[in-house]
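Me: I'm new to this one, so let's go through it together. Could you show it to me?

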Amino acid sequence: RIPVMVVREGEPPERFYSTTPSVDPPSVAISGPASQVNRVARAVATFDQGALPLREGLVRSSVPFVLVDAYGEEIDASLIQVTGESVLLDSVVVEQHLYATRTLDLSQAALYTGEPGAGYRVKSVEVTPAQILAAGREEALSQVAALFLDAPVSAEGATGTFSSVIKVRQPAEIVHLSSTSVTVTVHIEPVLANRSFDNLRIQTEGLSDAYSAKLDKTRAAVTLNGPQLWLEKLRSS
């Protein structure tokens, strides 16, 4: 007895997802000249997914096979009989499910939790990929509005931009997701603020001893705009 292996070629019809195929029978019996039978390692059925029908559900296809050795080279099977349950075989039945597909957005709700460090804020949150291809029964897919993260990213105490890989929660009605996780990048930036200094004395510098200077204004007010943490460290002097 030798195993039967299915090799998939091509792509399933557009807007459909195909599951891993199963084969019936999974193994066959071979008989014939010992010199040829002993060389056979397995039967290989090449299955063209492009020939699948444009409908969802279980699809059964009759697929011819060839006999190959341990190196994958085809063997002349003209003197070899292949049987399954005592019935001569020249093909096997390949079964696989076809499901409709739909592109779903990742919900922007509850992407992160916690507050950044003092003096910092969350500027934006970026999710890659932002859309995921989902497969399932067409009726069930139509009921799914968006996908959600398995858990939000923690931004607690963050003082700089960071990324985390987070799993995507897969609804029960979906059989396949093109990506089971996404990269969430949380962009952190300093909090900007204004600070004013009033009645600052204006001083002169760099005047040689041979000259004197007189200012028409001796006091000034200054307003600065910048990172809050930096502004808080400034002194009026």
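Me: What makes the charges count as 20 positive and 27 negative, and how far apart are their mean positions?
Reply: Lys and Arg count as positive and Asp and Glu as negative, with His and the chain ends not counted. Each charge is placed at NZ of Lys, CZ of Arg, CG of Asp or CD of Glu. On that basis, the two mean positions lie 13 Å apart. Keep in mind that this is a predicted model, where local features need pLDDT of at least 70, side-chain atom pairs need 80 or more, and totals for chains, interfaces and linings use all residues. Residues are numbered from 1 along each chain as its sequence is written, and side-chain values use heavy atoms, leaving out hydrogens and water.

Me: How do you know whether the chain matches a compact globule?
Reply: The rule, using C-alpha atoms, is 2.2 Å times the number of residues to the power 0.38. For 237 residues that gives near 18 Å, but the chain has a radius of gyration of 35 Å, so it doesn't fit the globule value. Its C-alpha trace spans about 120 × 45 × 25 Å along the principal axes.

Me: What makes β11 and β17 a pair?
Reply: Pairing takes at least two DSSP bridges, and strands are DSSP E runs of at least two residues, numbered from the N terminus. β11 and β17 share eight bridges in the antiparallel sense, so they qualify. Thr128 stands opposite Thr183 in β17.

Me: Why are β11 and β13 at the edges?
Reply: The open sheet runs β11-β17-β15-β13. β11 (120-128) and β13 (148-149) each have a single partner strand, so one side of each lacks a neighbour in the sheet.

Terms used:
Helices (H or I, at least four residues) and strands (E, at least two) are DSSP runs, numbered from the N terminus.
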